[in-house]
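Grab a pencil and work through these exercises with the structure open beside you. Try each task on your own before reading its solution.

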Amino acid sequence: MPEKLIHEIIPVGLLQCNCSILGDRETGEAIVVDPGEDVDRILGILHRDKLKVRAIVCTHTHIDHVGGLAALHRATGAPVLIHDADLGLYRSLDMQAEWLGVPTPETVQIRDFMKEGDMLHWGDFAARVLHTPGHTPGSICLVVEESAAPGHKLHPVAPILIAGDTLFQGSIGRTDLPGGSYPQIIRSIHEKLLVLPDDVVFFPGHGDSSTIGSEREHNPFLR
Ligand SMILES: [Zn+2]
Ligand SMILES: [Zn+2]
């Protein structure tokens, strides 16, 4: 990936959700993925790198990934995107807050949805949406690629993967919460993620990055 791509990863909130800021240094356009909390820090980086947010994207609507949506939306005016299969979970944020014993975060009216195969564009980059149900019904992953221009043929250069809570280094997402399914997450990982090249670096929703090749070889849940 050329250095033109800005990729800042900020662990936010109590559960240290990895929020990603993906920007194009030349055009100044960006997307923000999983602003779980700490919106002031996120805004500080956007300001420092002179980035304008085109879209705010959630890999799924667990509380640790969506807590900062309303504040970031208000500050940037950017649309908020989720997969519609996770809308019910978003509407039950008060219940999720109760499980964790934390206050219910402010919510935002979600009007924009993404689905399998959609392309999200910012500057000369694009992210392809993979619908990977299992951790939640509307979990998605993003394959970030270089893009000639919106609407033109893509020229993938060492793509990276934003994996949400579907795949972790040496582990997979939990499936014991409402809407979770172990058979589904296993199928999603095999059919959508392990088909990517070995050298694809992925960034999970929590913890350290890894590569698809390393997980294929070492992840005990994928044997
Ligand atoms: Zn989650
Ligand atoms: Zn999480």
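**Exercise 1.** Are aspartate 64 and aspartate 165 buried or exposed?

Step 1: Get the cut-offs straight: buried means under 20% relative accessible area, exposed means over 50%, and partly exposed is in between (1.4 Å probe, protein chains only).
Step 2: Apply them, and both aspartate 64 and aspartate 165 turn out buried.

A word on ground rules: this is a predicted model, where local features need pLDDT of at least 70, side-chain atom pairs count only at pLDDT 80 or more, and totals for chains, interfaces and linings use all residues. Residues are numbered from 1 along each chain as its sequence is written, chains are lettered from A and ligands numbered from 1 in the order in which they are written, and side-chain values use heavy atoms, with hydrogens and water left out.

**Exercise 2.** Find the protein donors of the zinc ion (ligand 2) and describe its site.

Step 1: Donors are N, O and S atoms within 2.8 Å of the metal (3.2 Å for Na, K and Ca); water is not among the atoms, so sites may look incomplete.
Step 2: Asp64 (OD), His65 (NE2), Asp165 (OD) and His206 (NE2) fit, at 2.0 to 2.3 Å from the zinc ion (ligand 2).
Step 3: Along the sequence, these donor residues show the spacing D-H-x99-D-x40-H.
Step 4: Now the shape. Four donors are tetrahedral if all angles lie between 85 and 135 degrees; four are square planar and six octahedral if opposite donors are over 155 degrees apart and all others between 65 and 115; anything else is irregular. The four donor atoms here make angles of 87 to 156°, and the site is irregular.
Step 5: Place the two aspartates. Helices (H or I, at least four residues) and strands (E, at least two) are DSSP runs, numbered from the N terminus. Aspartate 64 sits in helix 2 (residues 63-66) and aspartate 165 in the loop between strand 10 (160-164) and strand 11 (167-168), so the pair ties together parts that are 101 residues apart in sequence.

**Exercise 3.** Which residue bridges the zinc ion (ligand 1) and the zinc ion (ligand 2)?

Step 1: List the protein donors of the zinc ion (ligand 1): His60 (NE2), His62 (ND1), His135 (NE2) and Asp165 (OD), at 2.1 to 2.4 Å.
Step 2: Aspartate 165 coordinates both zinc ions, which are 3.5 Å apart.
Step 3: Check the site of the zinc ion (ligand 1): with angles of 88 to 170° among its four donor atoms, it is irregular too.
Step 4: Look at two of the histidines. Histidine 60 counts as buried at 1% relative accessibility, and histidine 62 does at 6%.

**Exercise 4.** Where is leucine 142, and what does it touch?

Step 1: Leucine 142 belongs to strand 9 (residues 140-146).
Step 2: Its relative accessibility is 0%, so leucine 142 counts as buried.
Step 3: Contact means heavy atoms within 4.5 Å. Leaving out residues up to four places away in sequence, leucine 142 touches several residues, among them Val33, Val57, Leu120 and Ile160.

**Exercise 5.** What is the strand order in the open sheet of six strands?

Step 1: Two strands pair if DSSP finds at least two bridges between them.
Step 2: The order is 1-2-3-4-5-6, with mixed pairing.
Step 3: Strand 1 (5-12) and strand 6 (112-113) are at the edges with a single partner strand each, so one side of each has no neighbour in the sheet.
Step 4: Strand 1 and strand 2 (residues 17-24) run antiparallel and are joined by eight bridges.
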